[in-house]
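This report looks at one strand and its neighbours, then at a pair of helices, a single residue and the whole chain. Please keep the model in view while reading.

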Amino acid sequence: MKKAFVWISVLMIVVVVLSACGPKAETPAPTAVKPAVEPTKTTTGTTSEKRKVVYFVGFGTGTAPAQVDGQKALIEKFNASHPDIEVELMIVPHEEAITRFTAMVAGGDAPEVIGAAGFATIGVLGDTGVIEDLTPFMEKSKFDTSIFYGPVVDIMKSFFPEGQKALPFGIYPSMVFYNKDAFDAAGLAYPPHAYGDTTWTYDKVREYGMKLTLDKQGNDATASAFDPKQIEQWGFDDSWINGRNYLLPWGAPALGAVTTPDMKTAIVNQKEWVTGLQWLSDGIWKDHFIPDAAGQATYGNVGSGDPFSSGLVAMFLTHTWYMPEGLTGINFKYDIAPVPVAPTGKQIVRSDVDGFAMVKGSDQQEAAWEFMSWLVQPEQIVEVCLVYGCLPPVKAVEEQYRGIMESKWPGLDYDVIYKGLDYMVHNDAYVVQQKKINDVMDNGASVIYSGENKDAQSVLDAENADIQKILDEYWANRK
């Protein structure tokens, strides 16, 4: 295969960056599973006439043993219907992915496709120059982007600053899981399920959250006898997300952007985000309906170790990726509600997006495009999402996938998920130096959760200054 030495020194810079990013267990999932075997390949008897496509899995989800057979089945289905192409599956443990990938590129043996990776991860790799622009392939094949939900198309167009670097196969929108039994016990009406209902605000979450927070004596957080040092049930949690993503739904004008459009000026201390972070701080330390860092540490000792199924949290704002692992063994009634309306009046459904990407310099790019574009078609996308635990971004399979979810988790209001797609915004809108910037913002969230600093304005001012230094250094080095 073609040599690509020009990228190697740049790739090595991101070894630490991407090795610190998790699979979809890129989130704080409690039971991340590592592959039990070395990378495997799926073959069906290659011939010299076949165009070989190596599908590299390891940067995101897809490495768990339970996912291997499903991926092999998809590849065998493709190979059987494309006799001139042979796709080989290469699974690499997540912690080894960037090192193995860099070595393959350096050796002139770059894989054609990397997959089951977040758009954010693909964006970081794209900065090194190893990810191919898919635009020419999409135009040549007349790929129909209208198969996707509209917001997914918008994310495709806007996420990458230069070209189209990924083809989406999975989305993970957010919502509020709520414990109906806890609401009944507190005498509270359930949250509204309609988007655009302006009564469902963060102020209402606070009101409900305090009534749903109970100490060992059964006092709620509004009672004078309430003991915040003896809490047995909290009202609300949104801790399974990073510092930057937590702030997204608070509705700053640039939504999830942490810089100006030219990516040269930090803007994380914008007033809407100060409001959102102060709401979090007050919810922990003043109103006591949100668990601090010590409270969150108690999750691991109960049930499957997550906030909601453990019964320790009555309202849990999280994503659909939580459902396969978290909605098991629950012994109370529950449902889902939309994300709250921000003080700005915006209702923002933050969402992860996963995709497939093509590696620049690999030999069989046309064949790789055939494989990638085949995977996201309605005929295959449900199988893909059953393997990777995602929500299909393809409109045509909505009814089919609703039925699958209903069979797994009966009785939930799935309109909350699907109507929420109209309000969807990507969690990690592209920014240079993403890992460094996220580290700064995660640290800011941690000082709030620990109580080291409870003042949101000072925390975000400090973050802004640190991020500005990162940006200044980045752009100075590119002159």
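## A covered strand

In this predicted model, strand β7 spans residues 313-319 and is mostly covered. Seven of its seven residues are buried, a word used here for a relative accessible area under 20%.

## The partners of β7

Which way does strand β4 run relative to β7? Strand β4, made of residues 167-179, is antiparallel to β7, and five bridges join the two. One place to find this pairing in the model is Ser174, whose bridge partner in β7 is His319.

Strand β6, residues 231-237, also pairs with β7. Here the sense is parallel, and the pairing extends over three bridges. Asp237 can serve as a marker for this pairing, since Phe316 in β7 stands opposite Asp237. When looking at such strands, keep a general point in mind: side chains in a regular strand alternate between the two faces of the sheet.

## Two crossing helices

Two packed helices are described by the distance between their axes and by the angle between those axes. For helix α3 (residues 65-81) and helix α14 (residues 365-375), the axes come within 11 Å and cross at roughly 120°. The class of roughly perpendicular ends at 115 degrees and that of roughly antiparallel begins over 145, so α3 is oblique to α14. The crossing of α3 past α14 is right-handed.

Which residues of α3 and α14 meet? On the α3 side they are Leu74, Ile75, Lys77, Phe78 and Ser81. On the α14 side they are Glu370, Phe371 and Trp374.

## A residue in helix α18

Asn438 lies in helix α18, which covers residues 434-450. Is Asn438 buried or exposed? Its relative accessible area is 11%, and the cut-off for buried is under 20%, so Asn438 counts as buried.

Leaving aside residues up to four places away in sequence, Asn438 touches Asn242, Arg244 and Asp428.

## The whole protein

The elements described above belong to a protein with 19 helices and 10 strands. The protein has 479 residues, and 57% of them count as buried. About 18900 Å² of the protein is exposed, with carbon and sulfur atoms supplying 52% of that area.

How much of the contact in the protein is between residues 24 or more positions apart? Among contacts with a separation of 6 or more, such pairs account for 77%.

Terms used. Residues are numbered from 1 along each chain as its sequence is written. This is a predicted model: local features need pLDDT of at least 70, side-chain atom pairs count only at pLDDT 80 or more; totals for chains, interfaces and linings use all residues. Side-chain values use heavy atoms; hydrogens and water are left out. Helices (H or I, at least four residues) and strands (E, at least two) are DSSP runs, numbered from the N terminus. Buried means under 20% relative accessible area, exposed over 50%, partly exposed in between (1.4 Å probe, protein chains only). Contact means heavy atoms within 4.5 Å. Two strands pair if DSSP finds at least two bridges between them. Accessible areas come from the Shrake-Rupley method with a 1.4 Å probe; for residues, only the protein chains shown count as cover. Axes are lines fitted to C-alpha atoms, for helices over the stretch in contact, and angles run from 0 to 180 degrees between N-to-C directions. Angles under 35 degrees count as roughly parallel, over 145 as roughly antiparallel, 65 to 115 as roughly perpendicular and the rest as oblique. A crossing is left-handed if the near helix is turned anticlockwise from the far one by less than a right angle, and right-handed if clockwise.
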